[in-house]
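Hello,

Here is the structure I promised to pass on to you. Please have a look at it first, and then read my notes below.

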Amino acid sequence: MSRFEQLALGRCDFLEVLEESVLMRAELEVELSDGAIFRDRLLDVRTESGLDVAVFETHPPAAVGDVIAVTRERIVHTYPS
């Protein structure tokens, strides 16, 4: 498992981690600034009225700024031969 903290990575790199999680359909453990922790799949990361929003499969959307960290299994990148 790999933990990615927004504060440590910086906003741009953290957004890349989230976008990669969408593409790879990775299940995440998500930690929010209000202390909530849940497991879910991220369906999309979008900008709404200038605010980056994470859209989950079963949980309500969350502002990316409220996501403290995500933890996921290591993603193995494979390319067609």
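Let me start with one pairing you can find quickly: serine 2 has arginine 72 of β6 as its bridge partner. Please keep in mind that this is a predicted model.

That pair belongs to the contact between β1 and β6, which run antiparallel and are joined by 4 bridges. On β2, β6 has another antiparallel partner, this time over 5 bridges. There, valine 30 is matched with valine 70 in β6. Burial fits into this picture too: β6 is largely enclosed by the rest of the structure, because 5 of its 6 residues are buried.

Now for the sheet as a whole. It is open and built from 6 strands, which follow the order β1-β6-β2-β3-β4-β5 with antiparallel pairing. The edges are taken by β1 (2-5) and β5 (62-63); each has a single partner strand, so one side of each is left without a neighbour in the sheet. As background, strands of a sheet pair through backbone hydrogen bonds, in a parallel or an antiparallel way. Further in, β2 (residues 27-32) meets β3 (residues 37-48) through 5 bridges, again antiparallel. Leucine 28 sits opposite aspartate 40 of β3.

Next, the core. The largest nonpolar core counts 17 residues, and among those with the most contacts inside it are Phe14, Leu18, Val30, Leu42, Phe56, Val64 and Val70. At least two residues of this core come from each of α2 (11-24), β2, β3, β4 (51-56) and β6 (67-72). With 4 residues, α2 supplies the largest share. Val30 and Val70, the bridge partners from β2 and β6, thus turn up again in the list of best-connected core residues.

Phenylalanine 56 deserves a visit of its own. Leaving aside residues up to four places away in sequence, phenylalanine 56 touches Val30, Phe38, Asp40, Arg41, Leu42, Leu43 and Ala62. Which of phenylalanine 38 and phenylalanine 56 is buried? Both are.

These two also answer a question you may have about ring pairs. The count comes to 1 aromatic pair. The ring centres of phenylalanine 38 and phenylalanine 56 lie 5.1 Å apart and the planes stand at 90°, so the pair is edge-to-face. It links distant parts of the chain, with phenylalanine 38 in strand β3 and phenylalanine 56 in strand β4, 18 residues apart.

Happy exploring, and all the best!

Definitions and conventions:
Residues are numbered from 1 along each chain as its sequence is written. This is a predicted model: local features need pLDDT of at least 70, side-chain atom pairs count only at pLDDT 80 or more; totals for chains, interfaces and linings use all residues. Side-chain values use heavy atoms; hydrogens and water are left out. Two strands pair if DSSP finds at least two bridges between them. A nonpolar core is a set of buried Ala, Val, Leu, Ile, Met, Phe, Trp, Tyr and Cys residues joined through side-chain atoms within 4.5 Å. Buried means under 20% relative accessible area, exposed over 50%, partly exposed in between (1.4 Å probe, protein chains only). Contact means heavy atoms within 4.5 Å. Rings of Phe, Tyr and Trp (its six-membered ring) pair if their centres lie within 6.5 Å; planes under 30 degrees apart count as stacked, over 60 as edge-to-face and the rest as tilted.
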